[in-house]
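Trainee: Could you take me slowly through one part of this model? I would like a close look at a single helix and at what lies around it.

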Amino acid sequence: MFLKLIARVIVTLSSNTNPVQIAAGVASGLLLALLPAGNLLWILLFLLLFLSKAHYGMALVSMAVFKLAAPAAAGPLDALGWTVLNAPVLRPAFTALYGMPVAPLTRFNNTLVTGGLLAGIVLWAPAFLAARAGVSAYRARIAPRIAGSKLVTALKKVPLVSALAKAVGAAAGIAGSAE
Amino acid sequence: MDKNAKKPASNATGDKAARAAAKAEAKSVRSAAAAAKSAAKEAKANRGYVKAGPLLGLVLLAAGLAVFGIFFMNPLLESGAEAGLEAAFGARATVEGLRFRPFRMRLSVGSVAVADAASPMTDLFRAGRLEFRLSPSAVLRGKVYIEEASAASVELGAPRSTSGALPGAAEPEPRQKRPAPEIPALVDWEAFDAQALLEREKAKLAAPAAYEAAGRSYARSVEEWKGRRETSSAAVEKARASSTAALAIDVKAIRTAGEAAQALAVVKAAAGDVQSVGTEAKAVAEGIRKDTAALDRQAKEARDTADRDAAYLKSLVTPGSGAARAALEPALRSLLTDKGETWLYYGGRFLEAASRLKGSGGGAAGADKAGGKPAFRGRDVVFPGAAFPRFRLGLLTSSFKAGDSAWYVEVREVSTEPDLVPAPSSLKIEIRRGGSLVRADARADLRESAGGSWEASLSAAHLPLDLGDSLAGAGLSGLTGILEGTSEVRGVRDGGFSASLEAEVRNPVVAAPSGTLGKTAADALRDAGAVNLTAEYRVVPGGKDSFVLRTDLDRIIAGAVDAAGRRYAAQASRELDAALRRYIDGELEGKLAPKKDFDSLFKAAEGDAASAASLEKSLDGKRAEIEARSKALGADLLKGVTVPKIGP
């Protein structure tokens with residue numbers, strides 16, 4: 001399962017999938033990782049991702065990876081959320097929002113939710129640009145070099161790597177037949 | 001040209017190669033076309049921003065969730081409600097027949113039973129069919145606001161067939177059953193026996209303990225001083241013996257200055273010894289004198305206590321002295337507190353549940369729920385405009401019949417954040433039975449501004465009162481009447497409370513009076529037509545409870561027995577006084593026996609001190625004599641000697 005997921009990621013990176021979709025998936029995964037789950041806002045963002053053409057698999061992988069680092073960011077996110085939620089200028093708006101139907105279900109009044117949302121939105125664009133540039137660079141320069149390198153040739157003899165290569169082949173075959 | 005003529009070999013090979021090349025080219029073109037087709041298909045798929053497939057999947061998922069909700073929502077809500085009640089009351093809860101109609105915002109429950117955490121084999125309460133009307137506006141804000149609820153029936157303290165303790169819960173401490181009060185029997189004057197009354201009341205008298213304590217103090221002081229006095233006395237005797245030689249010196253026999261100096265040295269040495277011994281003897285006598293004052297005070301207190309005991313015993317035979325109240329107070333207190341404690345117990349359990357519910361809330365507006373320390377789950381900032389607590393029960397009413405009583409129960413404003421609710425929590429209970437009505441109205445203000453105070457008022461009208469055999473010891477067995485009264489209870493969160501009661505027992509009738517006073521009191525009560533009583537009960541956490549009862553029973557009884565009672569009482573009082581004096585002289589005064597030892601010790605110590613002082617005085621006299629003799633001898637030697645003149 002895990003190997004297949006890695007294989008799909010490698011296939012995606014090497015296939016014709018639009019780098020913009022992959023980058024959108026990575027950035028959205030970051031946003032969902034920073035936002036605590038279990039509230040309406042997270043569900044809405046997840047559905048948006050589900051319905052959009054952002055690469056879903058890449059978003060899940062990205063979310064899983066960033067989720068591991070999320071506890072370390074909890075302190076700054078909490079502080080950011082606390083500052084924003086208690087900002088005197090924004091207080092009337094938040095108070096009005098808190099009184100509206102449905103809005104409290106987003107748990108926007110939680111410091112981690114607000115902090116995570118703001119940080120996710122701010123980091124979305126840099127993450128998107130970085131991921132898009134990374135995918136293009138990978139396809140143009142890194143992938144051919146890796147494929148022809150002695151290290152990869154040697155690694156292919158390792159059972160785990162050979163299993164991964166087979167998985168990649170299978171994934172590519174599935175992708176090809178689908179095409 | 002012959003068509004079948006054989007072509008040259010070189011031409012054949014070239015054709016073959018050309019065909020292969022054409023074939024390869026065609027394959028390459030096909031491959032390129034397929035790739036182009038694939039790329040075109042992928043490009044087409046990449047166009048737009050929404051995927052049709054996932055959208056369809058989402059619709060199917062929503063349909064699946066709806067089906068799941070229809071079949072599994074109610075059992076899930078039932079489990080959730082049970083978990084919530086168990087958390088609030090700390091005991092097992094059972095919710096049966098829950099049905100939620102989300103579009104009408106109605107919830108109905110077949111029955112609810114919550115066990116008593118302090119008594120797991122009974123239910124704290126059990127409710128029949130419940131109907132709830134939820135606020136859609138609150139639900140859309142993620143809150144639960146039960147605007148109105150009704151229960152078909154409510155039952156308190158019903159027994160359970162299985163234990164209601166939660167798994168892993170600590171064993172509850174059994175409720176302490178108050179021991180039956182000891183009611184002092186009123187005296188029957190016609191068969192009065194002073195000695196018997198004294199024997200009966202002996203355990204309550206304070207004098208024996210006071211005499212015992214005083215005797216012990218004397219004995220302890222004797223023990224403390226005896227050794228030191230003996231040592232001091234021995235030292236005085238020794239000093240006396242050693243001074244004999246000094247005192248025996250014949251001053252007239254001293255002829256020379258040398259002899260005088262030698263005699264003076266002997267006397268001075270003896271005087272030094274006597275002085276130190278005398279100081280110790282005086283210190284011992286002074287110490288014992290100081291103890292004497294304290295010990296005599298204690299002995300006097302013991303005798304005063306005996307006088308107070310005598311007054312107490314006489315009060316038992318004196319009408320209007322409070323004896324009737326003293327006899328009735330424990331029984332009435334027990335009766336009132338037993339009934340009151342049952343109400344207070346249930347009130348306390350619900351107050352505890354309300355406090356737990358409050359503790360589970362989000363806190364006050366703008367408050368830092370995590371207490372300032374950033375938590376991983378973040379902090380909830382509650383904005384002041386929020387109109388809904390996380391949970392709020394606006395009104396729960398129940399009107400039902402239990403036996404021949406009609407009950408009405410009303411609960412208002414129970415919430416997780418009382419500060420967001422405009423009124424305090426309240427509980428109203430009315431019980432009608434025949435022509436009687438009992439009404440209880442309790443309010444618990446758990447808002448921060450109110451400091452968690454609570455109050456309750458209880459009123460009873462035309463309530464039949466039957467004390468049964470509660471006052472049998474006072475000769476008033478089977479006292480019945482009609483109770484009219486009100487009670488106010490006020491308390492704070494830490495457990496302290498004060499209660500006051502004003503009541504009137506109308507038409508009091510004693511079914512089986514006994515004893516002189518019991519019979520007289522029964523007649524007096526019947527003639528009086530009513531007994532008024534007021535009571536105050538104050539409980540201080542960690543302190544001593546106080547109960548004060550005021551009643552006109554004494555006045556009624558004293559008035560009725562005045563003429564006959566005083567004659568009896570005077571005689572009984574004299575007999576009782578005599579019996580008590582015999583008891584004090586015969587048994588208690590003997591406990592002060594160590595006083596004699598102490599007194600003789602004191603006298604002996606004073607004797608030692610006097611003896612040492614006398615010896616010291618004698619030695620001082622002897623020294624003066626020797627010094628005078630020495631001066632005289634010196635003067636004789638200088639006679640006839642001319643002293644040369646010094647100076648110009």
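Trainee: Before we turn to the helix, what share of the contacts in chain B with a separation of 6 or more is accounted for by residues 24 or more positions apart? After that, please describe helix H2 of chain B and the sheet that it lies across.

Mentor: Please keep in mind throughout that this is a predicted model. To take your question as asked, residues 24 or more positions apart account for 69% of the contacts in chain B with a separation of 6 or more. The chain has 648 residues, of which 30% count as buried, and it contains 10 helices and 17 strands.

The helix you ask about, H2(B), covers residues 52-89, and it is hardly covered by its surroundings, since the count of buried residues among its 38 residues is three. Those buried residues are B:Leu85, B:Ala88 and B:Phe89. If you follow the helix along the chain, you will find a kink of about 55° at B:Phe72, shortly before the proline B:Pro75. After the helix comes B:Gly90, which has a positive phi, near 65°.

Now look at what H2(B) lies across, namely the strands E1, E4 and E5 of chain B, where the helix runs at about 155° to E1(B). These strands belong to an open sheet of four strands, whose order is E1-E4-E5-E8 in chain B and whose pairing is antiparallel. Strand E1 (93-96) and strand E8 (154-156) stand at the edges of this sheet, and because each has a single partner strand, one side of each is left without a neighbour in the sheet. On average, and with direction ignored, neighbouring strands of the sheet are turned by 20° against each other.

It is worth looking in more detail at the edge formed by E1(B), as this strand is one of those that the helix lies across. Its partner is strand E4 (residues 111-116) of chain B, to which it is joined by four bridges, with the two strands running antiparallel. Within this pair you can pick out B:Thr94, which stands opposite B:Ala113 in E4(B).

To put the part together, then, trace H2(B) through its kink at B:Phe72, go on to B:Gly90, which follows the helix, and then look at E1(B), the edge strand at residues 93-96, before you step across the four bridges to E4(B).

How values were computed. Residues are numbered from 1 along each chain as its sequence is written. Chains are lettered from A and ligands numbered from 1 in the order in which they are written. This is a predicted model: local features need pLDDT of at least 70, side-chain atom pairs count only at pLDDT 80 or more; totals for chains, interfaces and linings use all residues. A residue is buried if 20 or more other C-beta atoms lie within 10 Å of its own, exposed if 12 or fewer, and partly exposed in between; C-beta atoms are placed from the backbone. Two residues are in contact if their C-beta atoms, placed from the backbone, lie within 7 Å. Two strands pair if DSSP finds at least two bridges between them. Axes are lines fitted to C-alpha atoms, for helices over the stretch in contact, and angles run from 0 to 180 degrees between N-to-C directions. The bend at a residue is the angle between axes fitted to the seven residues ending there and the seven starting there.
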